[in-house]
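Hi,

Here is the structure I promised to pass on. Have a look at it first, and my notes follow underneath.

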Amino acid sequence: MRVPPFERFYEDQQGPVLKQLRGMLGRDAADDAFQETFLRALRAYPTLQHGRHLRAWALQIARNVALDVLRRTRATSADVPDLASVDEPLPYEELRRLTAELPQKERAAVFLRYGYDLSYEDIGAALGSSSEAARQATSSGVRRLRRKELP
Amino acid sequence: MTVSPQLDRRFRDAAAAEGLLDVAFELHDTPVGRLLVAVTDHGVCEISYDADPDAEAERLARAFGSRVLRSPRPTDEARRQLDEYFDGKRRDFELEVDLRAAREFGRAVLAELARVPYGEVTTYGTLAARAGRPRAARAVGTVMNRNPVPIVLPCHRVVGSTGSLVGYAGGLERKRTLLELEGALPNA
């Protein structure tokens with residue numbers, strides 16, 4: 001299967017890539033990451049040997065870009081990605097408020113699991129840990145929330 | 001999920017600005033219809049009538065490399081000059097053309113074609129002679145028919161030995177329109 005012109009690749013993959021980036025980063029950061037994802041894809045495009053699995057390839061690049069962003073965010077801020085500007089404000093606002101007291105890693109894991117509906121594998125990738133560690137951080141966060149008196 | 005036009009445009013501009021494209025193309029409306037205008041680092045590599053962008057992207061990728069993207073900015077200068085031409089404000093194009101995909105004889109003929117002045121016509125036979133193959137009028141016709149950059153390389157100025165328009169890849173109606181614009185319609 002031949003590598004299609006980049007135009008076709010970009011048209012086919014832009015929706016799924018943006019969806020994944022918004023899931024991992026929220027709306028504003030996703031826009032920057034979107035451009036970076038396709039620039040990386042464009043740089044690597046001549047090295048592709050065939051046109052199979054392009055969706056998986058695009059999403060892998062997007063994930064790597066998002067991880068870089070998250071690493072930078074964690075390096076510069078104690079907060080998880082800014083969620084104030086995300087599409088559906090209510091549940092996120094709720095989660096944001098509920099999880100405000102959690103340790104950072106647990107808060108991020110709970111957010112990514114319940115706010116963004118990511119798999120533990122994706123959460124692990126986002127947090128730079130294994131999927132098992134991501135699962136543990138999530139459930140430990142949830143246990144902590146349950147122990148708390150909720151307002 | 002839908003990508004906003006702003007985000008889309010930003011990426012398309014950035015891809016060109018970083019020099020990552022083998023070919024940038026854009027669609028452009030003119031009095032002879034919508035043209036697809038494509039450029040490489042070497043110049044304008046394609047102008048086509050009635051183009052199906054998907055099919056053209058495939059063709060361009062085979063000829064110049066797979067990094068083909070619709071990206072307006074690199075095509076701005078060519079499209080600006082085309083507008084000036086159709087407004088009657090430009091007689092000569094000041095554009096590099098990329099003929100790497102053409103064969104040797106084709107390149108020689110197209111080089112001669114580029115010298116046919118605005119508002120004048122020549123014949124297939126004359127062009128063949130100038131390209132060093134006086135008996136190759138028919139082959140010249142084929143080169144004209146496959147001219148990758150019509151209008152800029154003026155194959156509309158090549159007519160039959162009797163002055164009849166003969167043929168045009170974009171259709172005779174367009175050939176007539178272009179010659180009329182230049183005030184060069186023979187037998188008018």
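Let me start with chain A. Of its contacts with a separation of 6 or more, 65% are between residues 24 or more positions apart. Keep in mind that this is a predicted model, so everything below was computed from predicted coordinates.

Chain A has seven helices and zero strands, so reading from the N terminus you get α-α-α-α-α-α-α. The chain has 151 residues, and 41% of them are buried.

Next, where the two chains meet through a pair of helices. Helix H2 of chain A (residues 27-44) and helix H1 of chain B (residues 5-17) have axes that come within 10 Å of each other, crossing at roughly 35°. The crossing of H2(A) and H1(B) is right-handed. If you want to click through the residues involved, here they are:

- From H2(A): A:Asp31, A:Phe34, A:Gln35, A:Phe38, A:Leu39 and A:Leu42
- From H1(B): B:Leu7, B:Arg10, B:Phe11, B:Ala14 and B:Ala15

What kinds of residue make up this contact between H2(A) and H1(B)? Eight are nonpolar, one is polar and two are charged.

Now for the sheet in chain B. Four strands form an open sheet in the order S3-S2-S1-S4, and the pairing is mixed. S3 and S4 (68-70) of chain B are the edge strands, each pairing on one side only. From one strand to the next, the twist averages 25°. As a reminder, strands of a sheet pair through backbone hydrogen bonds, and they can do so either parallel or antiparallel.

The S2-S3 part of that sheet is worth zooming in on. In chain B, strand S2 (residues 33-40) runs antiparallel to S3(B), and six bridges join the two. A hairpin takes the chain from S2(B) to S3(B) through two residues. Two pairs of facing residues will help you find the register: B:Leu35 is opposite B:Tyr49 in S3(B), and B:Val37 is opposite B:Ile47 in S3(B).

One last thing to check on screen: is strand S3 of chain B mostly covered or mostly open? Strand S3(B), residues 43-49, is mostly covered, with five of its seven residues buried. Recall that S3 is also an edge strand of the sheet, pairing on one side only.

Shout if anything in here is unclear.

Cheers

How values were computed. Residues numbered from 1 in each chain as written. Chains lettered and ligands numbered in written order. Predicted model: local features only at pLDDT ≥ 70, side-chain atom pairs only at ≥ 80, totals over all residues. Buried ≥ 20, exposed ≤ 12 C-beta atoms within 10 Å, placed from the backbone. Pairing = 2+ DSSP bridges. Contact = placed C-beta atoms within 7 Å. Axes fitted to C-alpha atoms, helices over the stretch in contact; angles between N-to-C directions. Left-handed = near helix turned anticlockwise from the far one by under 90°. Nonpolar A, V, L, I, M, F, W, Y, C, P; charged D, E, K, R; others polar.
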